[in-house]
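Welcome to a short tour of a protein chain. Have the sequence and the 3D view at hand as you read.

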Amino acid sequence: MLNVNLNHLVDKVDFKSYECKVKSIHQGIHKKSMVGNDFLGWLDYPKTYDKEELSLMLKKAKYVRDNFETLVVCGIGGSYLGALASINALRGIYHNDKLEIIFLGNTFSPTYIAQVLKCLEHKKFAINVISKSGTTTETSISFRLLKQLLIKKVGKKNASKMIFATTDKKNGALKQESIKEGYTTFTLPSDIGGRYSVLSPVGLFPIACAGIDIKKMLEGAKKAMEEFNNPDLKKNKCYRYAVVRDYMYRHKKSSEMFVTYEPHLKEIAEWLKQLFGESEGKEHKGLLPTSATFSTDLHSLGQFIQDGSPVLFETLLFIKKPMLDVVIPTDKEDLDGLNYIKGKKLSYVNEKAYLGTLEAHQKDGKVNNVVLELDELTPYSLGYLFYFFMKVCAMSAYLLKVNPFNQPGVEIYKKNMFHLLGKKGY
Ligand code: PA5
C-alpha cells in the first residue's frame, strides 16, 4: 500500500551501521524502557482502544450530522491538526458534505475569531472542545466566546447538549467543567501526547462528524502497527526512513521539506511539521520541518530547492489515484497551445510534473528525495500513514537521543505572555 522509495537519494546512507542501534531502540520502545515511556499509549492504541467509547463517538457523530449545519472544533496543536489534516485530505477543500467544520481555539487573532463568531450567529452549530490539559489559553478563550454565543442562541440547558469535550480522564479545568455542566466527554488517554493523538477521540470524533469511516482508520493503523513491529532494519521500511532522516541530519542537512502534490493534502504536512518539530527540536538538535505544495510552490520555493543553499532534503508524498479527476478539453483554435495534451487527465499531468520535478531536484539539483507513494488516500490508508509517521518519529527522535514526547520549549512563551497579561503567579 505504501511504497517507501529510497532510490532517489543522492547520498549513500550507511544502513548497516544503524542496525544494532535501531534494534535496541525498537526493544526500548516496545518494552517501554526509554525516556518518555509513559507517553507510548499510541503504540498499541489501534488494538487497545475503548470499543464502547468508539460506539459513543459514532452515535454522537450521527447526532451532530443529523442536527447541525456546522461543527466548531476548538483546539490547538495536537488537539486539532490531525482532524483538520484528515478532514481536508479525505473530503477535499470544496466538498459538498452536509456538515461544515470550522476550526477555532488555535489562535488569538482578533480578526479571525471575530469573523468566525459573526458567521456562527446565524448557524445551527455544535462545539467539540479539545484540550488534554484543559487549560490552553487559545482554546479556553475561544471556547468561552463560543459557549456564550451558543447559550445566547439556545439557552444554557440546550447548549450543554451541544457541547462535546475531549480531554483528560480525570484532570484539568475542562474535565471539571464538563462534569459540572453535563457535556458529553471523550477521553484522551493520559499516556498519549497531543501530537500522537490523531487516532484517539481527539482526532476521531471530529473526523467521524465529517462522515469519514473512523473504524477503517483504526484498521489501517492496526495494519501499520503489526507491519512495523519488526526490529530488523532491512525489513522495516518505517525504520529505514527514520534512519535516512538521522543520516541526513548528521550529514549537514538542517531541514526536511515535506512535499505534497495537492492543496487538500497541505494540512498533512502541517501535522507532520508539528509531529517532527515538537518531538525532535530540542537540546539544540533536530531537522527543521518545512513544507511545500507542488506544483504551486515550484513557482515560489522551487528555485531555492533546485539551486539554493544545499540545506534540505525532500520527503514527498504522492498519491497515485486522486480523489477526483478532470479531462483537459479539446479546443479547435488551440490558441493556448494545449492541444498536445487534450483528452489527458489532470492526474496524468500532475504525475508528469512530479516525475519531472523529482528528476530535476535529484539529478541536477543534487537534492536527496525520499519518495512515499500511496496508491490511494482512503480512511484505511490514512490511518496507516499516520501510524507510520508516528513510529518513524519515535525512532528518529531516539536516534537523535532526545525524548520524543515532551515539549519543554513551548512553555517559555506562555510564561512570558502570562507575565505580560498579569496572570497571578507569573
Ligand atoms: O503535542 C502537544 O502535546 C501539543 O501540541 C498540544 O497538543 C497543544 O499544546 C494543545 O494542548 P492541550 O490539548 O493541552 O490544549
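The report below goes from the whole chain to a buried helix, then to charged pairs and one residue in its surroundings.

**The chain as a whole**

Please keep in mind that this is a predicted model. Its chain folds into 16 helices and 10 strands. The radius of gyration is 22 Å, close to the 22 Å that the globule rule gives for 426 residues, so the chain is as compact as a globular protein of that length. If you drew a box around the C-alpha atoms along the principal axes, it would come to roughly 65 × 65 × 45 Å.

What share of the residues counts as buried? For this chain of 426 residues, the figure is 52%. Contacts also reach across the sequence: taking those between residues at least 6 apart, 78% join residues at least 24 apart. On the outside, the chain exposes about 20,000 Å², and carbon and sulfur atoms supply 54% of that area.

**A helix that is enclosed**

Helix α9 covers residues 201-209, and 9 of the 9 are buried, so the helix is largely enclosed by the rest of the structure. Among the buried residues of α9 are P201, G203, F205, P206 and C209. Just after α9 comes G211, which takes a positive phi of about 85°.

**Charges and salt bridges**

The chain carries 61 positive and 46 negative side chains. The centres of these two sets lie 7 Å apart. Across the whole structure, a search finds 25 salt bridges. Three of the pairs are set out here.

| Pair | N to O distance | Relative accessible area |
|---|---|---|
| R65 and D97 | 3.0 Å | R65 19%, D97 24% |
| E227 and K223 | 3.5 Å | E227 29%, K223 35% |
| D232 and K235 | 3.7 Å | D232 23%, K235 63% |

The salt bridge between R65 and D97 has an N to O distance of 3.0 Å. This pair links distant parts of the chain, with the two positions 32 residues apart in sequence: R65 belongs to helix α3 (residues 51-67), while D97 sits in the loop between α4 (81-91) and β3 (100-104). Is R65 buried or exposed? R65 is buried, because its relative accessible area of 19% falls under the 20% cut-off. Its partner D97, at 24%, counts as partly exposed.

E227 and K223 both belong to helix α10 (residues 214-227). Why are they separated by about one helical turn? They are 4 residues apart in that helix, which accounts for the spacing. Here both partners are partly exposed, E227 at 29% and K223 at 35%.

In the pair of D232 and K235, the closest N and O atoms are 3.7 Å apart. D232 is partly exposed, whereas K235 is exposed, with a relative accessible area of 63%. Salt bridges can also join up: K16, E19 and K234 are linked in a network.

**A closer look at I305**

I305 is found in helix α13, which spans residues 302-307. With a relative accessibility of 5%, I305 counts as buried. Which residues is I305 in contact with, leaving aside its neighbours within four places in sequence? They are M257, F294, L312, E314, H361 and V367. As for N3, I305 is 302 residues from it in sequence, and their C-alpha atoms are 24 Å apart in space.

Note on methods
Residues are numbered from 1 along each chain as its sequence is written. This is a predicted model: local features need pLDDT of at least 70, side-chain atom pairs count only at pLDDT 80 or more; totals for chains, interfaces and linings use all residues. Side-chain values use heavy atoms; hydrogens and water are left out. Buried means under 20% relative accessible area, exposed over 50%, partly exposed in between (1.4 Å probe, protein chains only). The radius of gyration is taken over C-alpha atoms; the globule rule is 2.2 Å times the number of residues to the power 0.38. Contact means heavy atoms within 4.5 Å. Accessible areas come from the Shrake-Rupley method with a 1.4 Å probe; for residues, only the protein chains shown count as cover. Lys and Arg count as positive and Asp and Glu as negative; His and the chain ends are not counted. The place of a charge is taken as NZ of Lys, CZ of Arg, CG of Asp or CD of Glu. A salt bridge is a side-chain nitrogen of Lys or Arg within 4 Å of a carboxyl oxygen of Asp or Glu.
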